[in-house]
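Here are some short exercises to work through with the structure open beside you. Try each task before reading its solution.

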Amino acid sequence: NIGSAATLIGNPQNILVGQALRLSFGRYLLDAAVPAVAGLAAAWWIVRARVAGRWERTTELRAGAGAPPLHAWRTTKGLLVLGAVTVLFLLAPWPREMVALGGAALLLTSRHVRSRRMLGLVDWQMLVLFCALFVVHGALAASGLERQALDALAGQGVDLSRPAWLFGVTVLLSNVVSNVPAVMLLLPAASHPLAGPVLALASTLAGNLVVVGSIANMIVIDQAARMGVHVGWREHARVGVPTTLATLAIAALWLWLVG
């Protein structure tokens, strides 16, 4: 989660924030790179302190857990396309979604790997989940309940046009409904020039607090379980809670300095 906060394509909520608020890819990178790098350093230190020399544990992995063999040309092709797409995001005036689709088309173009096989590796269940989130959010917005909730917060003195309030509410809401739905709910209140970086950084870093704070957490835990490695709520929290508090403090301080 921490590393994904660095760019507008690092995770779904950042993509949503970047598209909805028309953020500059390069400008956001300048705002988020320092908290992401410093946050990774803090997370590494916390993990080392928590593990305290217990790096290895005998675990019998289930069948199919091994990594596929490395294919030099396919790997090189993927890295070249990724590099080209990133450069275009930074420099080209073209729509980012078109650049991304162009990169995907190049990756699907292969004489040796069938497109059906590549598309079969996509986690379609996860994509359906994200589509469902947008459907639910659209219904909520159409019902007027979203606007009523924002007005109720404003009536209690919670001014989401101020970065400090937006940061705090994003952190809290991300751990109640998960970070992607939280960003969907709070985007209508994003009016401050720093609202984009605040929403993206706060929602992403807050997702490390508990297992359900981020869909990325659930993906990792689910795939680990398939390999026979169990990660429970308590085990996650031993690292997740101090890491979240440290990285949020770093991000808040940096946003205050650049703001």
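**Exercise 1. Find the place of Ser 178, and decide whether Ser 178 is buried or exposed.**

Step 1: Ser 178 lies in the loop between α8 and α9; helices here are DSSP runs of H or I with at least four residues, numbered from the N terminus. This is a predicted model, in which local features need pLDDT of at least 70 and side-chain atom pairs count only at pLDDT 80 or more, while totals for chains, interfaces and linings use all residues. Residues are numbered from 1 along each chain as its sequence is written, and side-chain values use heavy atoms, with hydrogens and water left out.

Step 2: Ser 178 counts as buried because its relative accessibility is 8%; buried means under 20% relative accessible area, exposed over 50%, and partly exposed in between, with a 1.4 Å probe and protein chains only.

Step 3: Look at the backbone too: phi of Ser 178 is positive, about 80 degrees, although Ser 178 is not a glycine.

**Exercise 2. Do the same for Arg 22: where is Arg 22 found, and is Arg 22 buried or exposed?**

Step 1: Go to the loop between α1 and α2, where Arg 22 sits.

Step 2: Its phi is near 55 degrees, a positive value in a residue other than glycine.

Step 3: With a relative accessible area of 68%, Arg 22 is exposed.

**Exercise 3. Work out how many residues of α9 are buried, and what covers them.**

Step 1: Seven of the eight residues of α9 are buried, so the helix is mostly covered.

Step 2: The buried ones are Asn 179, Val 180, Pro 181, Ala 182, Val 183, Met 184 and Leu 186.

Step 3: Their cover includes α1, α6, α7 (145-155), α8, α10 and α11 (215-226), judged by contact, meaning heavy atoms within 4.5 Å.

**Exercise 4. Describe the largest nonpolar core, and say which helix gives the most to this core.**

Step 1: The largest nonpolar core has 46 residues; such a core is a set of buried Ala, Val, Leu, Ile, Met, Phe, Trp, Tyr and Cys residues joined through side-chain atoms within 4.5 Å.

Step 2: Several helices each supply at least two of its residues, among them α1 (12-21), α8 (163-177) and α12 (233-258). The helix that gives the most is α10, with eight residues.

Step 3: Leu 160, Leu 166, Phe 167, Leu 186 and Leu 199 have the most contacts inside the core. Leaving aside residues up to four places away in sequence, Leu 199 touches Val 17, Leu 166, Thr 170, Val 183, Leu 186, Leu 187 and Ala 190.

Step 4: For context, nonpolar side chains tend to be buried together in soluble globular proteins.

**Exercise 5. Determine how α3 and α4 pack, and which residues meet.**

Step 1: The axes of α3 and α4 (residues 96-108) are 10 Å apart, at an angle of about 165 degrees. Axes are lines fitted to C-alpha atoms, for helices over the stretch in contact, and angles run from 0 to 180 degrees between N-to-C directions.

Step 2: That angle makes the two helices, α3 and α4, roughly antiparallel, because angles over 145 degrees count as roughly antiparallel, under 35 as roughly parallel, 65 to 115 as roughly perpendicular and the rest as oblique.

Step 3: On the α3 side, Lys 77, Gly 78, Val 81, Val 85, Leu 88 and Phe 89 meet Arg 96, Val 99, Ala 100, Gly 103, Leu 106 and Leu 107 of α4.
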